[in-house]
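These are my notebook entries from a session of looking things up in a single model. I kept them in the order in which I worked.

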Amino acid sequence: MYDPKSLKAEEFICDKEVQDTISYAEENKENIALIDEIIEKAKKRKGLTHREASVLLACEIPEKIEQIYDLAEQIKKDFYGNRIVMFAPLYLSNYCVNKCVYCPYHMQNKTIPRKKLTQEEVKQEVIALQDMGHKRLAIEAGEDPVNNPIEYILDCIHTIYSIKHKNGAIRRVNVNIAATTVENYRKLSEAGIGTYILFQETYHKETYEKLHPAGPKHNYAYHTEAMDRAMEGGIDDVGLGVLFGLDLYKYEFAALLMHAEHLEAVHGVGPHTISVPRVKKADDIDPSKFDNGISDDIFCKIAACIRVAVPYTGMIISTRESADLRENIIRLGVSQISGGSRTSVGGYQEEERPHDTEQFDVSDQRTLDEVVNWLMTAGYIPSFCTACYREGRTGDRFMSLCKSGQILNCCHPNALMTLKEYLMDYASEDTRRKGEILIEKEMEKITNPKVKEIASQRLQLIEQGIRDFRF
Ligand code: SAM
């Protein structure tokens, strides 16, 4: 039986409720009165239920889709302004005991070189990332209790936070490792991680079990209930995601929102972020072997529907997607993107992009400076801000900041100050020139005169070499 408050995967992601939702959405996809009602509700910016959002996703009426896109764009502007938070993945180890059918790190892949960074190599990777200008990382590792135990992950986090190279620093480490125990989540929380990210891959249990034929990840319930354990272990910010292409997107979409509703119902706070990766080509992985691949149009529609359904949840799009697609989708509600990414273990220290241990082919291969330059040309503020989590504004405290509309007096100046740091320390001449003009223009949007004055003084101090200011 469907119960969002249950702690059992099969009850909060109840298959029957997902199927009923898909049927309900299908029956109502041309019901203009209902669609209008849902769009009106979404305009209140308090979110939608999985059933309501599924009706919007099923709707094929061009004029209504246009309205959904416009609303998604407006909600993004209201809650996130034109800021886009930047991050990079850091691959620690590709040793893995699972057999995920879509991932080249699966244990039957005997040709991919296996590599695990030593702490000295982690240091070199972090220095290379700091020299690019990154302040926020997402660490990634395969699941292997012998090669990548929790102690190894904790050592890496400690190493990453300890490195201060020139003006560089990694100020937030998000963690994308396999589902684990409450005890291990507590250790991650105590190590000061930002978001714990775990992609569900697919919410469809049967498909899930087929795609994860062996290894600890085979256990659907253990994987699906991981965020509850993470929150029990003291992690406030969790990031959900689906790997689109594995099962029917309408199924994944409804279940993803049910998962978000479950977290809200049980823990009083929804997911901090939602990621929307699609299966990509990789070493021995051919994406055309998966029957449920989605077109760019559907992909954009999913992003817009997520945006209107969960307005306070950040949305992440990685370099799995091309520059063109990223340009289209960002306006529909994306709040975080990666830039200058390398998905191979040890890839940042190499002059040339190495491919031998890559987890997937990177579509957007531009440097971080090129991505920053492009975002500014497109009217966005690339932000390297990590203030909320460092000020303890996580979980529901972050959500209340978002809901109270204080973003313009807090996140906006923080974005401008961290962009200024980037311009001073890492930008090319052209990027710096564009950035200075942008900062001057964007400072005018700060509504509180006191905040504006302090921000302006801090921008000058950054020019004089002082770093790491935040509201
Ligand atoms: N091993 C951990 C786990 O099982 O959750 C960490 C995750 S892995 C390093 C990061 C994510 O990459 C996976 O959760 C999966 O969704 C995604 N991924 C794996 N293979 C992929 C592929 N061929 N194309 C795109 N994304 C892929």
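Which residue in E3 is the bridge partner of Ala 138? I looked this up in a predicted model, and the partner of Ala 138 in E3 turned out to be Asn 174.

**Entry on strand E2 and its neighbours.** From that pair I moved to the strands themselves, and noted that E2 and strand E3 (residues 172-176) run parallel and are joined by 5 bridges. I then followed the chain from E2 through helix H7 (residues 150-162) to E3, and recorded this β-α-β crossover as right-handed. Turning to E1 (residues 83-93), I found that this strand pairs with E2 in the parallel sense, over 5 bridges, and that Leu 137 in E2 is the bridge partner of Ala 88. E1, helix H6 (residues 119-132) and E2 form a β-α-β unit, which I entered as right-handed.

Next I asked how many of the residues of E2 are buried. I found 6 of the 6 residues of this strand (residues 136-141) to be buried, so E2 is largely enclosed by the rest of the structure. In a regular strand, side chains alternate between the two faces of the sheet, and I wanted to see how the residues here are arranged. I noted that Arg 136, Ala 138 and Glu 140 point one way from E2, while Leu 137, Ile 139 and Ala 141 point the other way, and that all of them are buried.

**Entry on the ligand shell.** Glu 140 came up again when I listed the surroundings of the ligand: of the 21 residues around it, Cys 103, Glu 140, Phe 199, Lys 280 and Phe 360 come nearest. By class, I recorded the residues of this shell as 12 nonpolar, 3 polar and 6 charged.

**Entry on the domains.** I noted that the protein chain is divided into domain 1 (77-365) and domain 2 (405-463), whose C-alpha centres lie 29 Å apart. To the contact between them, domain 1 gives 7 residues and domain 2 gives 9 residues. On the side of domain 1 that touches domain 2, I recorded 2 nonpolar, 3 polar and 2 charged residues.

**Entry on Ala 265.** I placed this residue in helix H12 (residues 249-267) and then asked which residues Ala 265 touches, not counting those up to four places away in sequence. The residues I found were Pro 4 and Lys 5. Ala 265 and Pro 4 are 261 residues apart in sequence, yet their C-alpha atoms are 6.6 Å apart in space. I entered Ala 265 as partly exposed, because 14 other C-beta atoms lie within 10 Å.

**Entry on positive phi angles.** Most residues other than glycine have a negative phi, so I looked up where the backbone departs from this. Glu 201 has a positive phi of about 70 degrees although it is not a glycine, and I located this residue in the loop between strand E4 (196-197) and helix H9 (205-211). Is Glu 201 buried or exposed? I counted Glu 201 as buried, because it has 25 C-beta neighbours inside 10 Å.

For Asp 468, also not a glycine, I noted a positive phi of about 70 degrees. Asp 468 is found in the segment after helix H20 (449-463), and with 15 other C-beta atoms within 10 Å I entered Asp 468 as partly exposed.

Note on methods
Residues numbered from 1 in each chain as written. Predicted model: local features only at pLDDT ≥ 70, side-chain atom pairs only at ≥ 80, totals over all residues. Buried ≥ 20, exposed ≤ 12 C-beta atoms within 10 Å, placed from the backbone. Helix = DSSP H or I, 4+ residues; strand = E, 2+ residues; numbered from the N terminus. Pairing = 2+ DSSP bridges. Right-handed = clockwise from strand over helix to strand, strands pointing away. Domains from an automatic or database assignment. Contact = placed C-beta atoms within 7 Å. Nonpolar A, V, L, I, M, F, W, Y, C, P; charged D, E, K, R; others polar. Near = placed C-beta within 6 Å.
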